[in-house]
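Could you walk me through this model in the viewer, one selection at a time? I would like to know what to click on next and what is to be found there.

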Amino acid sequence: MPKLEFKRKSDLSREEVSEKLIALGHALARGREVALESGDDSIEIVVSDRVRWELEIEVDGNETEIEIEISWSDDPSEESETEAEAEPTTPPAKPARRGRPRKNTVG
């Protein structure tokens, strides 16, 4: 099968991002077929019952980046091989970032 890449970037509100993540979560929970949309573009994919999950959080000065990667193989024989080769997960040595103190306003 030829390679297919669907990549879109946009500036959204925190609420809009949460709605997209919740919709994706509900679609994954309902079944194997997941429809993803970005603007006028959309794509429907079939998700395996077992997936690899990768979470990366990077803090660099005032810039914070969260990457969530979900991947799988459509070939069940490759899934068992990939599980055997999976990297061991280790907790971070220290928290990525402390919360910022909030200003209390008295009015």
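**The whole chain**

Start with everything selected and a surface switched on: the accessible surface of the chain comes to about 10,500 Å², and 49% of that belongs to carbon and sulfur atoms. Areas here come from the Shrake-Rupley method with a 1.4 Å probe, and for residues only the protein chains shown count as cover. Please keep in mind that this is a predicted model, in which local features need pLDDT of at least 70 and side-chain atom pairs count only at pLDDT 80 or more, while totals for chains, interfaces and linings use all residues. Residues are numbered from 1 along each chain as its sequence is written, and side-chain values use heavy atoms, with hydrogens and water left out.

Now change to a cartoon. You will find 2 helices and 4 strands, in the order α-β-β-β-β-α from the N terminus on. Helices (H or I, at least four residues) and strands (E, at least two) are DSSP runs, numbered from the N terminus.

Next, colour by relative accessible area, with buried meaning under 20%, exposed over 50% and partly exposed in between (1.4 Å probe, protein chains only). Of the 107 residues in the chain, 6% are buried. If you compute a contact map (heavy atoms within 4.5 Å), 30% of the contacts between residues at least 6 apart in sequence join residues at least 24 apart.

**Stop 1: the charged pairs**

Side chains of opposite charge can pair when their charged atoms come close. The term salt bridge is used here for a side-chain nitrogen of Lys or Arg within 4 Å of a carboxyl oxygen of Asp or Glu. How many salt bridges does the structure hold? There are 3, so let us visit each of them.

Select K3 and E5. Their side chains form a salt bridge, with 4.0 Å from N to O, and both residues are exposed.

Move on to R8 and D41, whose side chains meet in a salt bridge at 2.7 Å, N to O. This pair links distant parts of the chain: R8 is in the segment before α1 (14-30) and D41 is in strand β2 (residues 41-46), 33 residues apart. R8 is partly exposed at 42% relative accessible area, and D41 is partly exposed too, at 31%.

Before leaving R8, add F6 to the selection. R8 lies over the face of F6, 4.5 Å from the ring centre. The rule for a charge over a ring asks for NZ of Lys or CZ of Arg within 6 Å of the ring centre and within 35 degrees of the ring normal.

For another salt bridge, select D49 and R32, where the closest N and O atoms are 3.9 Å apart. Distant parts of the chain are linked here as well: D49 sits in the loop between β2 and β3 (52-60), R32 in the loop between α1 and β1 (33-38), and 17 residues separate them. D49 is exposed, at 66% relative accessibility, whereas R32 is partly exposed, at 44%.

**Stop 2: the loop between β2 and β3**

Now pick S48, which is in the loop between β2 and β3. Is S48 buried or exposed? S48 is buried, with a relative accessible area of 11%. Show R50 as well: its backbone oxygen lies 3.2 Å from a polar atom of the S48 side chain.

**Stop 3: strands β1 and β3**

Select E33 in strand β1. E33 is exposed, with 54% relative accessible area. Which residues does E33 contact, leaving aside neighbours within four places in sequence? They are A27, E44, I45 and V46. A distance label between the C-alpha atoms of E33 and I45 should read 5.6 Å, with the two residues 12 apart along the chain.

Go on to L55 in strand β3, a partly exposed residue at 47% relative accessibility. Not counting residues up to four places away in sequence, L55 touches I66, E67 and I68. From L55 to E69 the C-alpha distance is 6.5 Å, over 14 residues in sequence.

**Last stop: S10**

Finish with S10, in the segment before α1. S10 is exposed, at 52% relative accessibility. Its C-alpha atom is 9.2 Å from that of G39, and S10 and G39 are 29 residues apart along the chain.

Methods
A polar contact is a pair of N or O atoms within 3.5 Å; within protein, one must be able to donate a hydrogen and the other to accept it, and residues adjacent in sequence count only if both atoms are side-chain atoms.
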